[in-house]
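Student: I am new to this structure and would like to look closely at a single part of it. Could you take me through one group of paired strands and the turns that join them?

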Amino acid sequence: MPTVAQSSTETDWVSRFADEVIAESERRAPGKPVVVASGLSPSGPIHLGNLREVMTPHLVADEIRRRGHEVRHLISWDDYDRYRKVPAGVEGIDESWAEHIGKPLTSVPAPAGSAHPNWAEHFKAAMTAALDELGVEYDGISQTEQYTSGAYREQILHAMKHRGDIDAILDQYRTKKGPAKKSQKPVDEAELEAAEGSGAAAEDDGSGGAGGYYPYKPYCGQCGKDLTTVTSYDDGTTELAYTCTACAFSETVRLSEFNRGKLVWKVDWPMRWAYEGVIFEPSGVDHSSPGSSFVVGGQIVRDIFDGVQPIGPMYAFVGISGMAKMSSSRGGVPTPADALKIMEAPLLRWLYARRRPNQSFKIAFDQEIQRLYDEWDKLAAKVEDGSVLPADAAAYSRAVRTAAGELPRTPRPLPYRTLASVVDITGGHDEQTLRILSDLDPANPLASLDEARPRLDRAENWITTQVPADQRTVVRAEPDTELLASLDAEGRESLRLLLEGLDTHWSLDGLTTLVYGVPKVMAGLEPDAKPTPELKTAQRSFFALLYRLLVGRETGPRLPTLLLAVGADRVRKLLAA
């Protein structure tokens, strides 16, 4: 398969990172697979900000695969992290879940009614399904399995042996202040804090009691929580003593045989870089501030674990149109699964592919999604006719296919806004929907709704889940006789011209010409005359009249689509003055 890089330019960030990662991998680990990584914490709904943690390395890994290199994209499920708080708004839970705070996520019950065995698996499941639909190829790693199996035993013992050195490194950053907070953004620029899903939990950097500093936190043998303090440790015997502040339990264990605990985050992350040989792993903006886990981790991986920090671009926030700032610990945040209900997978991939990681962008759940789809369709047309710019072609290619092949797409991609208007008017009635869609282009009618799927289904989901009931379109059952009777001669004539032209203009393009042409003819102009400011005013007045007569308000779906949906006979009934 040809590489996207063959048609890229300097604005193609994916190809640039692929070049850098391949060169670095050959320098560090020649002959071995290239390793890129992501980290996700299933502490609650894994949202669209967290998805950038995955899509950034995925796109780079996929480009490397296209070039014929073997590559592994690791996704570490940080399911051995502590349960920090009860997230608001998650269905099936209440404050009783607070009793589990401090336990590993895999030891917390799943929300009521879930088919999954624990909290972590419940929230992993939706993300796993979304990644499959998005064509993301990866190797999943459960940190619960890694820690409880003893996979990291040598690394833990090594970190404990060098606890003084780790403490000294951390101490260099403990008094440093991060950058000043930026001013509050408008609420319609909702920021999904992706870093929260990559292990950046608000936890301490180790036990610092009377017994000294320890970079390891046991989970209590009695209550199962990490509210523990290591009181002593012997390097020779590996005997570790701890007490639990939650239940007052204490015990002494041999760390060389003990698998119920984990390294603190600022040590755990660099340990994994060295253990897995990670070449590329992005991080959120908060990881790049002084004292952050990525900055500190770079020194710890080098000085403690004899490893090398990954190439780690910072990625910016992802916004959601019309929603307040949110984080992954809150319920109700849009997830990849939510987005995939209203947009096709290639479009969602494109949103992440076309912007450099350090550029923020917004994902539309409101009316803006229609403009977004228009932009996507225009790009597809440019790709088809060869007029597309190289960087745009590269982003499009990465959206519609991976190294493994093409992603499923709609055979006949009708305009999203048209599909949304039609299902809004028909209420999803298949026979009516097929009739209207077939009338869009009478010379090439739609044979089956399957030709318009899955885009049609996405548009219907958007109408039913995102458009408020008071904004839905309801066509009048009977004419507005009072309004019709109040029309002057000019108003009645404009309706006559429209009705007279219905039969000869009964297609989407034809009706577009007709509804824009009636005010021109009324002004003594030709139907194809160029609009003037005065003419545009007349057109708006005419359109408002049609909307009032058809749907009882002054706005609605595009008039040509609305007319097709209502049908010629019913239009005549409602507009007959």
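Tutor: Two strands are said to pair if DSSP finds at least two bridges between them. With that in mind, and remembering that this is a predicted model, we can start from strand β8, which covers residues 228-233 and runs antiparallel to β9, the two being joined by five bridges. One place to see this pairing is Val230, which stands opposite Tyr242 in β9. The two strands, β8 and β9, form a hairpin that has five residues between them, and in its turn Thr238 takes a positive phi of about 65°.

From there we can follow the chain into the next pairing, where β9 meets β10, again in the antiparallel sense and over five bridges. Here Glu239 has Arg254, in β10, as its bridge partner. β9 and β10 make a hairpin too, with five residues between the strands, and the residue to look for in it is Ala248, whose phi is positive, at about 70°, although Ala248 is not a glycine. Ala248 is placed in the loop that lies between β9 (239-244) and β10 (250-254). Is Ala248 buried or exposed? Because its relative accessibility is 65%, and exposed means over 50%, Ala248 counts as exposed.

A positive phi can also be found outside these hairpins, and it is useful to set one such residue beside the turns just described. Asp306, a residue other than glycine, has a positive phi near 55°, and its place is in the loop between α8 (293-303) and β13 (314-315). Asp306 counts as exposed because its relative accessibility is 71%.

As you read the model, it is also worth knowing how confident the predictor is. The protein averages a pLDDT of 89, and 90% of the residues score at least 70. Some stretches call for more caution, among them residues 1-10, over which pLDDT stays under 50 and for which the model has 23 contacts beyond four places in sequence. Residues 323-330 likewise have a pLDDT that stays under 50, and for them the model has 32 contacts beyond four places in sequence.

Definitions and conventions. Residues are numbered from 1 along each chain as its sequence is written. This is a predicted model: local features need pLDDT of at least 70, side-chain atom pairs count only at pLDDT 80 or more; totals for chains, interfaces and linings use all residues. Side-chain values use heavy atoms; hydrogens and water are left out. pLDDT is the predictor's confidence in each residue, from 0 to 100. Contact means heavy atoms within 4.5 Å. Helices (H or I, at least four residues) and strands (E, at least two) are DSSP runs, numbered from the N terminus. Buried means under 20% relative accessible area, exposed over 50%, partly exposed in between (1.4 Å probe, protein chains only).
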